[in-house]
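Reader: Please take me through one part of this structure closely. I would like a strand, its partners, and what packs around them.

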Amino acid sequence: MTHAPLTIWGVFIAAGAAVAPVVTAGPDSTKAAALTSAIDPAHADWSAVASPSAGRTQTIGAYDAGCLAGAASLPLDGTGYAVVDMGKRRYFGHPRLISFVRELGAKLENANGTTMLVGDMAQPRGGPMSSGHVSHQGGLDVDISYQLERPGLSPAERDLIAKVSVVDPNTDQLLPNLWNDRQVALLRMAASDPRVARVFVAAAVKRDLCRQAGAGIQRRWLHVVHPWPHHEDHLHVRLHCPPDSPTCIEQPPPSADDGCSPITLATALARDRAERLRPPPRPNRHLPAACATVYQAPADDGTPARTAGR
Ligand SMILES: [Zn+2]
């Protein structure tokens with residue numbers, strides 16, 4: 001048995017720290033201070049909106065301060081993937097994200113016969129979540145469990161699945177009974193996709209990838225993989241802004257450095273340790289004015305905007 005902490009999907013990251021404002025590469029760090037605060041946070045419960053908005057698909061604003069018009073939903077089962085924690089209804093995204101997940105699952109099953117567990121993507125219209133994340137607001141982010149060997153789970157089991165950290169918090173080492181070449185293959189596949197802007201992982205995972213990567217051009221994908229706190233039990237893939245979304249605010253490009261120097265890795269490991277002890281971040285409520293329109297728009301089935309019954 002491992003002594004790694006068990007966490008319910010999506011909650012572990014909520015136990016994380018406030019994001020350091022000076023760092024611009026993290027999953028929750030894209031600031032949109034210049035945007036208009038058009039939505040009263042007291043009245044805009046994005047998690048209660050049941051359906052995507054009708055009309056043209058568009059990601060609006062930043063990854064941590066935006067929304068999603070005309071979202072698509074990911075089927076709960078597919079080749080090489082299964083959605084977990086379905087009750088939160090966070091399996092929506094830009095159609096480009098839906099395609100990415102489905103294609104990644106198919107590639108994974110073809111490569112090693114495993115099934116990845118897909119966690120939070122976005123709410124039906126994106127926007128801030130009531131728990132678990134600061135980003136994931138524009139339908140371009142997806143969390144995927146490091147655990148790949150979990151076949152045959154019932155829908156009820158998948159809805160309440162506990163996640164397991166692959167990092168020993170006492171030694172910062174990856175747990176050998178939970179970490180193997182399959183996760184490395186998944187990370188390489190994800191980070192090599194040209195649609196992907198960044199893949200966030202635990203620092204201990206990044207260190208392992210640095211060790212295993214080849215030389216020269218074989219290391220190119222490592223630039224996209226970025227250590228960020230609270231990713232000990234899942235990887236987080238972020239796509240570039242799609243061409244159909246002119247007001248989407250892009251993730252800064254990755255560093256020219258592959259992030260594998262001893263000092264860089266040591267700094268990232270120390271940050272992971274420190275951030276485990278901090279209070280959870282608060283969602284960014286400064287949204288683009290256009291998100292007010294998305295929030296109130298008719299649903300994609302022609303009905304008026306409605307809520308999920310709470
Ligand atoms: Zn995430």
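Author: Start with a pairing. Strand β11 joins strand β13, residues 234–239, through 4 bridges, and the two run antiparallel. This is a predicted model.

Two residue pairs show how β11 and β13 line up. Phe200 stands opposite His236 of β13. Val199 has Val237 as its bridge partner in β13.

β11 also pairs with strand β12, residues 225–227. Here the sense is parallel, and 3 bridges make the link. Val199 appears again: its bridge partner in β12 is Val225. Val199 thus has a partner in β13, Val237, and one in β12, Val225.

How enclosed is β11? The strand spans residues 196–201, and 6 of its 6 residues are buried, so β11 is largely enclosed by the rest of the structure. A residue counts as buried when 20 or more other C-beta atoms lie within 10 Å of its own.

Now follow β13. This strand is mostly covered, with 6 of its 6 residues buried. His234, His236 and Arg238 point one way from β13. Leu235, Val237 and Leu239 point the other way. Both sets are buried. The two β13 residues already met fall in opposite sets: His236 in one, Val237 in the other.

β13 has another partner besides β11. Strand β9, residues 141–145, pairs with β13 in the antiparallel sense, over 5 bridges. Within that pairing, Ile144 stands opposite Leu235 of β13.

Next comes a helix that packs here. Helix α3 covers residues 181–192, 12 residues in total. From first C-alpha to last, α3 reaches 16 Å, close to the 16 Å expected at 1.5 Å a residue. Its buried residues are Gln183, Leu186, Leu187, Ala190 and Ala191. Seen down the axis of α3, these buried residues fall within an arc of 120°, so they line one face of the helix. The spacing has a general background. An α-helix has 3.6 residues a turn, so residues three or four places apart point the same way.

The face of α3 turned away from the buried side carries exposed residues, Asp181 and Ser192.

What covers the buried residues of α3? The cover includes the strands β11, β12 and β13. It also includes β8, residues 116–118, and two helices, α1 (95–112) and α4 (203–212). That ties the helix back to the starting pair, β11 and β13.

Note on methods. Residues numbered from 1 in each chain as written. Predicted model: local features only at pLDDT ≥ 70, side-chain atom pairs only at ≥ 80, totals over all residues. Buried ≥ 20, exposed ≤ 12 C-beta atoms within 10 Å, placed from the backbone. Pairing = 2+ DSSP bridges. Expected span 1.5 Å × (residues − 1). Arc of directions from axis to C-beta. Contact = placed C-beta atoms within 7 Å.
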